[in-house]
Amino acid sequence: MFAKRLERFADNDPAIADAFRLAMRGVAATVNIITAVGPDGEWKGMTGTAMTSVSMEPPTCAICVNASASVCPAILGSGMFCVNVLSADDAELAGLFASSARRELRFATADWSTDPHGLPYLASAQAVISCRVVRELEVGTHHLLVGEVLHSAVARPAKPLVYCDGRYAIPELL
Ligand SMILES: Cc1cc2nc3c(=O)[nH]c(=O)nc-3n(C[C@H](O)[C@H](O)[C@H](O)COP(=O)(O)O)c2cc1C
């Protein structure tokens, strides 16, 4: 058991954002690398946990991408993105795609190919989901992008990489 303190905030109280950030730190999420192709054919990518399925009819998923991320204009310009669901073996790669420090190493590391839609995909990914953007909404600093699934490939058994409380983790399946 743990103690939880419920606070009542005034509207626009900056403490709301702090409490929300802390709450989200404890939300475990599967780690993905979102990829897209820029206007000159250059590959772009970033580590992203903000991904969810939306509907099976038609197959649809959604991602949230910061407007400042280098992959964002590539997705908005091409109208396409690929979700590479990472396996537990790719924690180091996740770190590379989550830091702008060594962008040039991103696609030079690991085994990347192009899917039938020309999108970069990671050979070692647990699953690959290629999407066409069908809805787009600006929310604060981010773009909420809804994608119709065009192509999906999966490796079994599932051995996902997750992120929780600021650290990568490998969940034990019950
Ligand atoms: C575990 C993890 C999950 C992340 N999830 C997202 C996300 O869902 N959306 C987002 O815009 N940035 C996310 N980020 C931040 C980006 O990966 C990071 O800002 C990246 O450097 C952006 O790419 P860029 O350097 O090419 O602009 C996440 C970072 C980490 C470490």
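These are my notebook entries on a predicted model of a protein with a ligand.

**Entry 1: overall build**

I began with the secondary structure and counted 3 helices and 12 strands. Next I looked up the radius of gyration, which is 17 Å; the globule rule gives 16 Å for 174 residues, so the protein is as compact as a globular protein of that length. Along the principal axes, the C-alpha atoms fill a box of roughly 50 × 40 × 35 Å. I then checked burial and found that 27% of the 174 residues are buried. For the contacts with a separation of 6 or more, I noted that 63% come from residues 24 or more positions apart.

**Entry 2: the nonpolar core**

I turned to the interior with a general rule in mind: in soluble globular proteins, nonpolar side chains tend to be buried together. Here the largest nonpolar core has 33 residues. Which of its residues touch the most other members? My list reads Ile 34, Ala 36, Val 65, Val 71, Ile 75, Phe 81 and Val 83. Several elements give two or more residues to this core, among them β2 (32-37), β5, α2 (71-78), β6 (80-85) and β9 (127-139). Also on that roll are α3 and β8 (120-122). The largest share, 5 residues, comes from β6.

I picked Val 83 for a closer look. Leaving out residues up to four places away in sequence, Val 83 touches Asn 32, Ile 34, Met 51, Cys 61, Ile 63 and Ile 129.

**Entry 3: around the ligand**

I listed the shell next and got 16 residues around the ligand. Gly 48, Ala 50, Asn 66, Ser 70 and Ser 100 come nearest. Two elements, β3 (43-48) and β5 (59-66), give two or more residues each to this shell. How do the shell residues divide by type? I noted 8 nonpolar, 7 polar and 1 charged. I also marked β5 in my margin, for this strand appears both in the ligand shell and among the contributors to the largest core.

**Entry 4: β4, β5 and a cis proline**

I followed β5 back to its neighbour in the chain. Strand β4 (residues 51-56) runs antiparallel to β5, and 5 bridges join the two. A hairpin of 2 residues makes the connection from β4 to β5. Met 56 has Pro 59 in β5 as its bridge partner.

The link itself deserved a check of its backbone. As a general matter, most residues other than glycine have a negative phi, and most peptide bonds are trans. Yet I found a cis peptide bond between Glu 57 and Pro 58, with omega about 0°. Pro 58 sits in the loop between β4 and β5.

**Entry 5: a small sheet and another cis proline**

I moved on to an open sheet of 3 strands, whose order is β1-β11-β12 with antiparallel pairing. Its edge strands are β1 (29-30) and β12 (167-169), each pairing on one side only. Between β1 and β11 (residues 162-164) I found 2 bridges. The bridge partner of Ala 29 in β11 is Tyr 163.

In the loop between β10 (142-154) and β11 lies Pro 157. Arg 156 and Pro 157 are joined by a cis peptide bond, with omega about -5°.

**Entry 6: positive phi away from glycine**

I scanned for positive phi at residues that are not glycine and noted two. Asp 165 has a phi of about 55° and lies in the loop between β11 and β12. Is Asp 165 buried or exposed? Asp 165 is exposed, because just 10 other C-beta atoms lie within 10 Å, and the cut-off for exposed is 12 or fewer.

Ala 110 has a phi of about 75°, and its place is the loop between α3 (91-96) and β7 (112-114). With 17 C-beta neighbours inside 10 Å, Ala 110 counts as partly exposed.

**Entry 7: after the last strand**

My last stop was Ile 170, in the segment after β12. Although nonpolar by class, Ile 170 counts as exposed, because it has 12 C-beta neighbours inside 10 Å. Setting aside residues up to four places away in sequence, Ile 170 touches Ala 88 and Leu 161. I also took one distance: Ile 170 and Ala 127 are 43 residues apart in sequence and 16 Å apart in space, C-alpha to C-alpha.

Note on methods:
Residues are numbered from 1 along each chain as its sequence is written. This is a predicted model: local features need pLDDT of at least 70, side-chain atom pairs count only at pLDDT 80 or more; totals for chains, interfaces and linings use all residues. A residue is near a molecule or strand if its C-beta atom, placed from the backbone, lies within 6 Å of it. Helices (H or I, at least four residues) and strands (E, at least two) are DSSP runs, numbered from the N terminus. Two strands pair if DSSP finds at least two bridges between them. A residue is buried if 20 or more other C-beta atoms lie within 10 Å of its own, exposed if 12 or fewer, and partly exposed in between; C-beta atoms are placed from the backbone. The radius of gyration is taken over C-alpha atoms; the globule rule is 2.2 Å times the number of residues to the power 0.38. Two residues are in contact if their C-beta atoms, placed from the backbone, lie within 7 Å. A nonpolar core is a set of buried Ala, Val, Leu, Ile, Met, Phe, Trp, Tyr and Cys residues joined through C-beta atoms within 7 Å.
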